[in-house]
Amino acid sequence: MQTPPKKKTRRPVRGRTVLLILLCCTALAGGGLYFLRPRPVELPPAADSEKVLLLSRPEEDIAAVAITPRDGTAYPLIRQGNTFALLGQEDVTLRSDILEDLMVTLTELPVENTVLESMSAAQGLRPADFGLDPALARVAVTYSDGEKKELRVGSLTPNEDTPQRYCMVSGSDTLYTILEADCVPLLRDMDSLRDFVQPALDGSLLDRIEVTGQVEWALHYTPSGWQMDAPFSYPLSTLRTDALLKKIEDMGFAACLGKAEKLNLSDYGLDAPALTVTLTQAATVITGETAEGEQVSLPVPEKVYTLRVGNETGKSGVYVQWQDQVFTASNFLLGFWKELDPLDYLLQTPVNLLVNDLNEVRFTLGGSIHAYQVRMVEQVTENNQIAVDEYGRVLYDCAVNRAGETQDMDAEAFLAWYTRLATLTGDGRLPDGWTPAGEKRAEIILVNDHLTRTVTLWPYDALHDAIAVDGVALYYIHSTWLDEVRDVP
């Protein structure tokens with residue numbers, strides 16, 4: 001007879017072991033709380049043996065597409081020959097690039113990861129946890145043979161190096177992720193589909209810019225630089241105005257909402273716009289060559305464009321009216337109008353005319369007037385030939401004579417002195433409403449074919465002089481500056 005086996009005696013639990021057990025229990029409890037947290041839900045992706053395509057039928061099989069955004073208007077697209085049109089708005093031309101992007105996604109949509117093989121089998125998890133009920137967008141595709149498929153696109157997945165969104169497809173209980181880049185065409189709203197022509201302005205042809213509303217500003221172009229007309233007359237910085245013209249050239253819209261006459265403009269803040277911008281483009285002549293090689297030219301008359309800036313869209317954008325149509329636009333491309341401050345564009349160096357743009361300089365100091373006539377003369381070689389550069393362009397020299405004298409003076413001495421005049425720039429702003437008093441300290445008058453600019457220095461305080469340009473005093477400079485230009489040539 002076999003001896004019955006002895007029972008194993010249970011060793012007493014040591015204090016250190018008890019502590020480890022308690023820590024494990026705490027960790028497990030914490031882990032349970034972690035998985036009970038609200039969205040986003042992190043789950044390890046299942047390994048895919050091969051790439052899965054949620055949609056894989058060719059474009060010619062697609063008969064209709066219905067897109068229902070969570071925050072927007074649902075819209076159906078129906079086949080119209082080789083393209084698609086909005087149902088009930090078949091006469092509206094749609095953007096071919098947007099349709100092309102959409103078709104690329106709908107004809108080949110690959111799965112990035114399979115997150116759950118079965119949503120119903122995942123205890124405690126629901127489609128709402130992944131932004132799928134309600135979905136960010138529902139996309140129903142109807143094929144020519146009657147087959148239908150519906151995609152539900154949800155939230156962004158957390159902690160992905162490559163952005164992805166959760167997705168489910170009709171007829172399947174599997175939770176997938178697809179690339180955010182593939183989702184972009186599915187998440188566009190109906191307004192983004194309408195075809196329109198982006199503005200194509202040439203800053204070099206703009207003659208006048210006028211802004212009214214929250215900002216009052218008017219400026220016009222001269223061959224010597226832009227001149228401000230309102231809120232007061234003042235020359236403007238070429239560097240700053242060139243930057244503004246570049247922004248105007250780069251203006252672009254995101255989506256066309258339709259003709260202004262068919263919309264309620266008050267919905268967009270365009271019945272009383274924050275800003276109204278009027279751009280006047282100068283008349284010009286376009287030259288070109290025909291297929292036969294004949295040179296032709298086409299005169300283009302002056303054109304006036306009107307931009308109205310309305311409310312914010314709430315999506316880092318703004319509603320605008322351009323000519324007779326209403327658009328949405330990003331603040332990145334149109335926001336500069338709302339940040340406009342005319343004072344940022346003022347010329348800081350009023351003696352800025354180039355020598356080849358000068359006819360006359362008059363300088364008054366201490367009751368003495370010094371006047372100089374300036375002209376450009378053709379350079380002559382040792383062989384008495386007109387000098388040209390490597391491109392055949394005539395080279396010029398500066399010639400200067402004092403008023404009343406026929407003999408030319410030393411041009412280099414004049415140029416050195418004029419260079420010192422050009423250093424005149426304000427050290428600070430004068431108080432608003434400041435007006436000059438007393439006798440003027442000095443006066444500089446610049447004359448060319450386009451303008452006469454008068455720069456006057458008035459006493460401001462014991463250490464500074466005020467600078468007035470054409471009668472408008474905005475800046476002051478240290479009074480010692482006059483010592484640098486006192487020695488006239």
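Arg-208 comes out as partly exposed in this predicted model, at 29% relative accessibility. Its salt-bridge partner is Asp-229, with the closest N and O atoms 2.9 Å apart. Asp-229 is partly exposed too, at 31%. The two sit 21 residues apart in the chain, Arg-208 in strand β11 (residues 206-213) and Asp-229 in strand β13 (residues 225-230).

The full tally is 22 salt bridges. Among them is the one between Asp-324 and Lys-259, at 3.0 Å from N to O. Here Asp-324 belongs to the loop between β20 (317-322) and β21 (325-330) while Lys-259 is in strand β15 (residues 255-259), so the contact ties together parts 65 residues apart in sequence. Asp-324 is partly exposed at 41%, and Lys-259 likewise at 36%.

Arg-441 and Asp-465 make another such pair, 3.1 Å apart at the closest N and O atoms. Arg-441 lies in the loop between β25 and β26, and Asp-465 in strand β28 (residues 464-469). Arg-441 is partly exposed at 33%, whereas Asp-465 is buried, at just 3%. Elsewhere, shared partners knit Arg-57, Asp-61, Asp-145 and Glu-147 into one salt-bridge network.

Strand β28 is also part of an open, antiparallel sheet of 8 strands, ordered β24-β23-β22-β26-β27-β28-β29-β25. β24 (396-402) and β25 (428-429) each have a single partner strand, so one side of each has no neighbour in the sheet. Antiparallel β22 (residues 360-365) and β23 (residues 368-378) are joined by 6 bridges, and Glu-360 faces Gln-373 in β23. Helix α6 (residues 411-421) lies across β22, β23, β24 and β26, at about 65° to β22.

As for confidence, the chain averages a pLDDT of 87, but residues 1-40 stay under 50.

Definitions and conventions:
Residues numbered from 1 in each chain as written. Predicted model: local features only at pLDDT ≥ 70, side-chain atom pairs only at ≥ 80, totals over all residues. Heavy atoms only, no water. Pairing = 2+ DSSP bridges. Helix = DSSP H or I, 4+ residues; strand = E, 2+ residues; numbered from the N terminus. Contact = heavy atoms within 4.5 Å. Axes fitted to C-alpha atoms, helices over the stretch in contact; angles between N-to-C directions. pLDDT = per-residue confidence, 0-100. Salt bridge = Lys/Arg side-chain N within 4 Å of Asp/Glu carboxyl O. Buried < 20%, exposed > 50% of the residue type's maximum accessible area, 1.4 Å probe, protein only.
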